[in-house]
Each structure stands twice: as structure tokens, then as C-alpha cells.
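Reader: I am a first-year student, and I would like to take a close look at a single part of this structure. Could you take me slowly through the place where the metal ions and the bound molecule sit?

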Amino acid sequence: MIRFAESLNETGFRIKQDVAYMALDVSHCGVVVLSNATESYRVLYANAASLSMTGYSEVELAGRIDWYVNGVESYEPQQKKFRNALTAAEPISIEMRSYRKDGSLHWCELGITPFRNHEGYVSHFIGMLSDITTRKNDEQLLPQQSRHARLTGLTDQLGLRDYLDKAILATAFNPLKLTVAAIDIDQHQFASGTMDRQSQNFLVKIAAERIGHCLQIDEMLSHDGNGRYALIMRADSRSGAVARCQAIQRSLAQAIPLADQPIHLTCAFGLAIFPDDGRSAGSLLNYAAVALSHARETSRSTILFYIDAMSVRQHERTTLESALRNAIVNGELEVHYQPQVNLHTGQVASVEALARWNHPELGQIAPDRFISLAEKIGLIDEIGLWVIEQVCNDMANWQEQALPIVPVAVNVSAVQFRNSLLGDQIMMLLNLSGVDPAMLTLEITEAVLMDDTSTARVTLEQLHHAGVEFALDDFGTGYSSISYLKRFPFTKIIIDRSFIRELVDNSDDAAIIKAIISMAHTLGLSVLAEGVETEEQCRFLSHNMCDEIQGFLFSKPVTASALIELLQAGTALPPSLLAAKKIRRTLLLVDDEANILSALKRLLRGSDFNILTAGSGSEGLALLAQHTVDVILSDQRMPGMTGVEFLSIAKTRFPETVRIVLSGYTELTSVTDAVNEGDIYKFLTKPWDDAKLRGHIEEAFQRKELADENRRLTRAVYATNIELAKANRQLRNTQRHEPHLVQS
Ligand code: C2E
Ligand code: CA
Ligand code: CA
């Protein structure tokens with residue numbers, strides 16, 4: 001132990017005896033003796049406990065001035081207080097935050113007592129140090145406890161982020177590395193699907209405790225409540241970090257006693273290192289999560305650093321790139337066809353060609369993934385042309401074998417339109433295969449028109465003149481500019497499937513679709529809705545005069561041979577889904593009182609219509625989704641959903657229905673509002689007059705049929721308009737390209 005005995009002797013300091021020194025050396029409390037000579041406060045003595053608290057060696061501390069400031073972050077007020085006390089030679093007790101020699105944070109309580117020599121002069125200070133790091137950390141955690149997952153007592157992501165922010169700030173004073181680990185316990189998902197809540201909680205708690213036990217001082221663990229933990233470690237090397245993670249894995253792997261059978265936990269780690277991978281808490285947490293998601297893909301119990309994860313991704317990308325380069329030659333590409341069905345006739349009107357890549361190891365890779373990759377690496381021209389060539393060959397084959405044939409739509413990306421040879425190349429493929437250009441439609445997005453309008457325009461004009469048709473794809477997702485529709489030779493608009501998805505529940509989407517259809521028809525364009533998966537969506541579209549649908553409801557994209565089978569079988573949409581159908585009248589009765597429903601059914605017995613009954617608004621909506629209903633007669637007072645509420649939803653989803661309220665109560669406001677909004681056609685009161693009620697229902701059916709007829713006529717007019725507009729465009733084009741007669 002250091003005993004700067006000379007100095008002590010000089011000043012006549014009393015602690016000279018070895019026994020006394022020994023006593024101090026074995027004390028758990030840190031003791032330091034400072035010199036007061038020239039106010040430099042040099043360290044004259046430090047006992048073993050104080051050395052272990054600070055992490056410094058005797059030599060490093062000997063004679064050191066301002067030792068307490070060492071490594072101290074900006075904890076100015078305490079330092080000032082401490083210095084003032086020394087200057088004034090007064091006793092003081094303070095709590096200070098500083099860093100150990102290894103950079104780890106440490107809190108100590110420091111009590112300083114001035115030591116006066118026999119002349120009454122303060123020659124030394126005696127300092128007593130206690131390590132209060134654990135207590136302080138606990139205190140700091142307290143405010144965050146409210147946010148903690150109650151179960152584990154751990155902080156959440158926010159708490160961890162705060163902590164990481166602070167730890168990063170502190171490295172300005174003490175450069176050191178931090179490792180951020182994202183941890184995912186494999187069994188969590190399994191547990192949440194198969195175990196009762198109590199066992200799940202038990203598992204989460206044990207896991208948190210076991211990881212917690214592996215923590216060292218100044219490290220922090222958080223839990224997001226979903227089996228995912230994040231940990232800030234003070235490991236200063238990659239191998240050190242890996243060893244720590246492995247220790248956690250070992251601890252989790254110990255059997256956990258559960259009622260049925262013991263369970264052993266396994267987990268994967270994603271690691272990001274400060275400052276190598278990132279310098280902010282946000283980016284580090286994010287990178288650790290990215291590394292974790294890659295680790296999950298690899299195998300169980302993987303420990304993956306962000307930087308390695310990135311090279312894995314890079315590797316994947318380059319492998320995919322080179323595989324795609326060979327895909328055509330290796331015959332891995334294929335074209336599937338998805339029918340586009342006419343809503344007037346129910347027949348397949350055309351098909352869309354969709355590229356498929358069958359990778360020998362990775363299986364089928366979606367076009368969303370490889371088309372954009374092909375665009376990036378300059379392969380799209382080649383792949384795009386291969387698709388058109390394949391389509392032309394298929395069509396030529398069908399023609400040759402006298403198979404049923406429909407026009408085919410091919411997607412062409414904006415990047416392909418930058419190639420000024422595209423027009424010539426497509427024409428060459430059409431000529432070689434002998435396919436009529438009018439049998440080919442190109443589906444393009446607005447990006448084509450915005451990108452480089454002059455090159456694209458020339459190609460569009462060239463192909464259009466030859467008879468190729470154009471459809472505007474993904475309408476509604478981009479600028480949806482009407483001026484494009486007017487300036488370029490489109491014959492069809494394709495409503496993006498994102499609008500169709502929520503069509504039935506989202507009245508905004510329903511309104512947008514109606515507006516697009518009406519606008520397109522005004523411009524003489526037909527409308528196709530893609531992504532139609534349910535009968536409900538289909539019914540809405542056909543009632544709103546959409547011209548064609550495409551989607552899983554009718555068929556998924558299928559191989560060329562499956563398409564031929566489908567066409568030969570004459571597969572069509574059932575008449576109930578078409579707008580112009582004439583089927584038996586259907587009435588829906590909704591009342592929560594069963595006796596009223598039977599009374600109404602008795603009353604209408606013998607009528608030539610189909611009667612459906614529902615005991616509540618929601619039951620009514622379910623029936624509406626399954627059947628084509630003409631007239632709805634609903635009670636007003638029903639538990640859950642009132643009649644007016646039900647009919648107002650029915651109006652948005654099934655606008656063509658005629659809706660009547662039959663109520664024993666006259667709640668004027670809600671009813672008048674509903675009538676004014678057009679949700680209700682008639683309001684009738686209970687008890688009813690049999691003959692009158694029958695009359696009202698008959699009237700409602702007639703009204704419905706009139707509206708149906710109007711819709712059918714309007715549709716016919718639109719269809720004719722579209723044909724006319726098409727003919728006009730062709731005529732204009734031919735005229736433009738005919739040689740002008742010059743009169744001599
Ligand atoms: P897209 O042009 O919008 O094609 C329609 C996509 O919707 C297809 O996806 C089709 O399988 C999918 N789909 C059809 N009906 C439904 C449905 O009812 N529900 C759902 N959820 N999806 C449905 P796919 O085949 O994955 O193609 C994705 C995109 O890749 C296409 O979107 C198109 O932009 C592009 N693509 C496909 N083949 C080619 C190609 O040969 N050349 C180019 N340039 N792009 C292509
Ligand atoms: Ca398309
Ligand atoms: Ca589309």
C-alpha cells in the first residue's frame with residue numbers, strides 16, 4: 001500500500017505506525033489523505049479499498065492533484081462545492097459521480113475532514129469514500145419504473161434509449177465502446193400460442209431474471225413486452241461481446257420448471273457497436289434490430305454483428321443479381337396469366353401476363369422483388385422483352401391450335417420506355433410471331449409519362465398507330481393526372497388494388513372509386529378494378545358500373561396451359577355478380593323481435609319474392625354481403641345498432657338497395673336526418689296496416705327495378721361511348737398518318 005511516509009513525516013502526521021496502516025488497508029471504506037500544502041491537495045495516501053473503487057494503481061494515484069476530478073463528467077456543482085470546502089478548510093460530505101480508470105461510471109459518497117496539526121493549521125484532509133453506485137442506479141431507475149413492464153421490472157425501449165443517450169454523451173469524456181444487443185427469445189412466440197397466461201408470465205419473468213443476472217455494473221436491460229429484450233453492454237471487443245452473449249445463452253438454456261415439462265430457452269442476438277456502427281442511440285438500436293432480424297433468418301442461437309449482417313445482405317443481393325443475369329438463359333423465368341373479366345357479360349375479356357421467377361434454390365421469387373432489381377442493374381430491357389416474346393409465342397400457339405384467344409396485357413416499366421428502341425423491338429416481336437398488335441395491351445404507370453415524355457411519347461405513338469392498346473396501371477396511387485389521360489392514347493384505367501382492399505369498410509375508398517369510374521366514362525375510357533377478392537367488392541363494382549375486374553375472386557394468375565383450360569371450360573362470373581342480371585326479387589327483414597319477423601313473413605306469404613330475416617343490424621349486414629337484396633325493411637329500436645345506423649351503413653356498402661324503417665317509436669331527429677341524408681326511402685310505423693305495408697313494399701321493388709334499368713341503360717350508353725371514342729381515336733390516327741394530297 002502506498003504510504004507517502006516522507007511527506008507524512010515532514011508534517012508530523014501521526015499515522016505512522018504500521019498497525020494503523022494495516023487497519024486502514026483492510027478497511028472496506030476507502031480512505032485517502034490529501035496534502036493541504038499550497039492548496040494542491042495532492043494524494044499522500046490511499047488505502048486498498050479506495051484503489052479498488054477507483055481502479056487506479058498506487059503509482060497512478062501517488063502525488064496526483066485533483067484526483068477526484070479525474071474522469072468526472074460535467075458534474076460541476078459538486079466539484080465546486082468540494083473545492084470550496086477544501087479552500088475554506090471545512091468538513092463536507094457530498095455525492096459525486098465520476099469514472100473509474102476503465103471508464104465505467106461510478107458514484108461515491110465522499111466525506112472530507114480537515115486535519116489540523118498541533119499549531120492549529122490545516123495540514124491535511126482525510127477523505128472517506130463509500131461506493132454508492134448500486135444505490136444510485138436504483139434511484140435513477142425509479143422514475144422509469146412507471147414505464148417498466150410490470151412483469152419483469154425492466155425498463156422499456158424508451159428508458160433504454162434515454163440510458164443509451166446518456167452513456168453515449170459520457171463517452172465524450174471517457175472514450176469507450178458500447179455494445180447494443182437486441183435479443184429475441186425463440187420460445188416466446190410458441191409460448192404465446194400454446195401456454196396459459198400464468199405460464200407465459202412465469203417464463204417472461206424467469207428469462208428477464210436470467211439475462212439480468214448476467215449484467216455487469218452500469219449495464220442496462222430493457223424488455224418490450226413481446227419477448228424481445230435489448231441490452232447495453234460495456235464489452236470493449238467483439239470477442240468480449242460474443243462471450244457475454246454466450247453466457248446469457250447458457251443461462252437461458254438451464255431448464256425452467258413448468259407444470260407439463262421443463263422448458264429450455266434459446267435466443268438470437270443482433271449486435272451493434274458504438275461508435276463503429278453508429279453514433280446515436282436511435283441508429284444503434286435500429287442496427288441491432290436489423291442484425292437480429294438477419295440472425296433470425298440464419299439459425300437458432302445466432303449471434304450476429306450489424307456489420308456482418310450487412311455483408312450478408314450485400315452477399316444476398318450480389319448472389320441474386322448474378323442469378324437473375326442467368327435466369328433467362330437457364331429457363332427459370334415463366335409467364336403466368338390472370339383473367340380480366342367483363343362485368344357486363346361475366347366472360348374473360350382479356351388476361352394480364354405476369355412474370356414469375358422460379359429460382360432453383362430460393363423457390364418462386366415475386367416480381368415485386370426481381371423486377372425492381374432488374375431495373376436497378378440494367379436487366380429490365382432484356383427481361384421485359386423476353387416476357388413480350390413469350391406472350392407473342394403463346395398467342396401464336398393458341399391461334400395455331402384454334403384455341404380460344406383473348407387479348408393479353410403486358411406490364412412495361414418506366415425504365416423500359418427510356419430505351420428509344422422499345423417501339424421497334426415490340427413491333428419486331430409482333431411481326432415475327434404474326435400476332436395482331438390489337439391483341440396486345442401495354443399496362444403502363446404514370447411514371448412512364450413523367451419520366452421522359454419525349455422518348456416515351458414517340459414509342460407510345462408508334463405502337464398506338466400500329467394498333468397496340470394502352471392501359472393506365474395503378475391508377476390512384478400516383479398523381480392520377482387527368483391531363484395524362486387526355487394527352488396519351490389510353491383506352492383503360494386500372495384502379496389500384498389498394499382502393500379495392502378496404503372498399504367495403506372505407507367509405508372514402510368507395511367514393512374515390514365511384515369518382516374514378518364516372519370520370520373515366522366521361523373521357524370514353526373503360527375501367528378495370530384489380531385485386532378483387534370478395535363477392536362484396538365485385539357487387540359494389542358492378543353496381544357502380546365498373547367495366548372489368550381482375551382478382552383472386554375469379555382466378556389467381558395461372559400457367560398458360562391452365563389458362564387455356566379455363567377458357568375452354570367457358571368459366572364465367574355467376575350472374576348474381578353482374579349488374580344487368582334479372583333475378584328473383586329479394587326482401588330483407590330486420591327486427592330483434594322474433595314474433596314481429598314471423599308476423600311479417602306471414603303477411604308476405606304468397607308473394608313471389610325471396611325473404612331473408614335477420615335479428616340485428618350486424619346479422620343484416622352479413623346477409624347483405626352474401627345475397628343481392630333489393631329492399632330492406634328494418635326495425636328502428638334494436639340493441640347494439642339502431643335501424644337508422646344499420647341502414648346508413650347499408651347505404652354506403654349497398655347503395656342500390658331501397659331502405660325502409662318500420663318503427664313503433666318516432667324518434668324524429670335521427671329519422672329525419674337519415675331521410676335527409678338519403679339513407680332511408682320510407683319511414684313506416686308499427687302497428688302496420690297489412691294492405692298498406694304490402695303496397696309500400698311493392699312500390700319499393702318497383703322503384704328498385706326502375707333504378708336498375710336506369711343503371712343498365714347508362715352502362716350501355718357508356719359502353720357504346722367507349723367503343724365510339726376508340727373508333728374516333730383510330731380514325732384520327734389513320735388520318736394523321738395518311739399522306740396529304742397536294743394539289744398541283
Ligand atoms: P400489377 O401490374 O399491379 O399486377 C397485379 C398484381 O396483383 C399481380 O402481382 C397479381 O398477382 C396481384 N393480384 C391479382 N389479383 C389479386 C388479388 O385478388 N389479391 C391480391 N392481393 N393480389 C392480386 P404480381 O404478379 O406479384 O406482380 C406484381 C407487380 O410486378 C405487378 O403489379 C407489376 O407491376 C410487376 N410485374 C409483373 N410482371 C411484370 C413484367 O413482366 N414486367 C414488368 N415491368 N413488371 C411486371
Ligand atoms: Ca399491371
Ligand atoms: Ca396494378
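**The metal site and the ligand beside it**

Author: The calcium ion (ligand 3) is coordinated by Asp473 (OD), Asp474 (OD) and Glu530 (OE), with Glu530 (OE) listed twice, at 2.2 to 2.7 Å. Please keep in mind from the start that this is a predicted model, and that every value below is computed from it. Along the chain, the donors of this ion follow the spacing D-D-x55-E, in which two neighbouring letters are followed by a long gap before the glutamate. Asp473 belongs to strand 17 (residues 469–475) and Glu530 to strand 19 (residues 526–530), so this pair ties together parts that are 57 residues apart in sequence.

It is worth asking of each donor whether the residue is buried or exposed, taking under 20% relative accessible area as buried and over 50% as exposed. Asp473 has a relative accessible area of 7% and is therefore buried, and Glu530, also with 7% relative accessibility, counts as buried because that value is under 20%. Asp474, by contrast, has a relative accessibility of 27% and counts as partly exposed.

Asp474 deserves a second look for its backbone as well. Its place is in strand 17, and its phi is near 50°, a positive value in a residue other than glycine. Most residues other than glycine have a negative phi, which gives a reason to pause at such a value when you inspect the backbone.

From here we can move to the other calcium ion. The calcium ion (ligand 3) and the calcium ion (ligand 2) are 3.9 Å apart, and Asp473 coordinates both, so that one buried side chain is shared between the two ions. The protein donors of the calcium ion (ligand 2) are Glu352 (OE), Asn411 (OD1), Glu443 (OE) and Asp473 (OD), which lie 2.1 to 2.4 Å from the ion. Read along the chain, these donors follow the spacing E-x58-N-x31-E-x29-D. Because Asn411 lies in strand 15 (residues 408–411) and Glu443 in strand 16 (residues 440–444), that pair ties together parts that are 32 residues apart in sequence.

The surroundings of these two donors are not alike: Asn411, with a relative accessible area of 31%, is partly exposed, whereas Glu443, at 2% relative accessibility, counts as buried.

Asn411 now leads us from the metal to the bound molecule, for this residue is a donor of the calcium ion (ligand 2) and is also listed among the closest residues to ligand 1. In all, 22 residues surround ligand 1, and the closest are Arg356, Asn411, Arg497, Glu533 and Phe552.

Three polar contacts help to show how ligand 1 is placed among these residues. A polar side-chain atom of Asn411 lies 2.9 Å from an oxygen atom of ligand 1, and an N or O atom in the side chain of Arg497 is 2.7 Å from an oxygen atom of ligand 1. With Glu533 the partner is a nitrogen atom of the ligand, and a polar side-chain atom of that residue lies 2.5 Å away from it. Taken alone, ligand 1 exposes 800 Å², and the protein buries 85% of that area.

The space that ligand 1 takes is the largest pocket. Which elements supply at least two residues each to the shell around ligand 1? They are strand 13 (348–359), helix 13 (367–376) and strand 17, and among the contributors strand 13 gives the most, with four residues. Strand 17 is already familiar to you, since Asp473 and Asp474 lie in it, and so this strand links the account of the ions with the account of the ligand.

If you retrace the route in the structure, you might begin at Asp473, which coordinates both calcium ions, then turn to Asn411, which is a donor of the calcium ion (ligand 2) and has a polar side-chain atom 2.9 Å from an oxygen atom of ligand 1, and end at the pocket, the largest one, whose space ligand 1 takes.

Note on methods: Residues numbered from 1 in each chain as written. Chains lettered and ligands numbered in written order. Predicted model: local features only at pLDDT ≥ 70, side-chain atom pairs only at ≥ 80, totals over all residues. Heavy atoms only, no water. Donors = N, O, S within 2.8 Å, 3.2 Å for Na, K, Ca; no water. Buried < 20%, exposed > 50% of the residue type's maximum accessible area, 1.4 Å probe, protein only. Near = heavy atom within 4 Å. Polar contact = N/O pair within 3.5 Å; in protein donor to acceptor, adjacent residues only side chain to side chain. Areas by Shrake-Rupley, 256 points an atom, 1.4 Å probe, with all protein chains shown as cover. 1 Å grid on protein atoms, 1.4 Å probe; cavity = no way out; pocket = protein on both sides within 12 Å on 5 of 7 lines; lining within 4 Å. Sits in = over half its atoms within 2 Å of the grid points.
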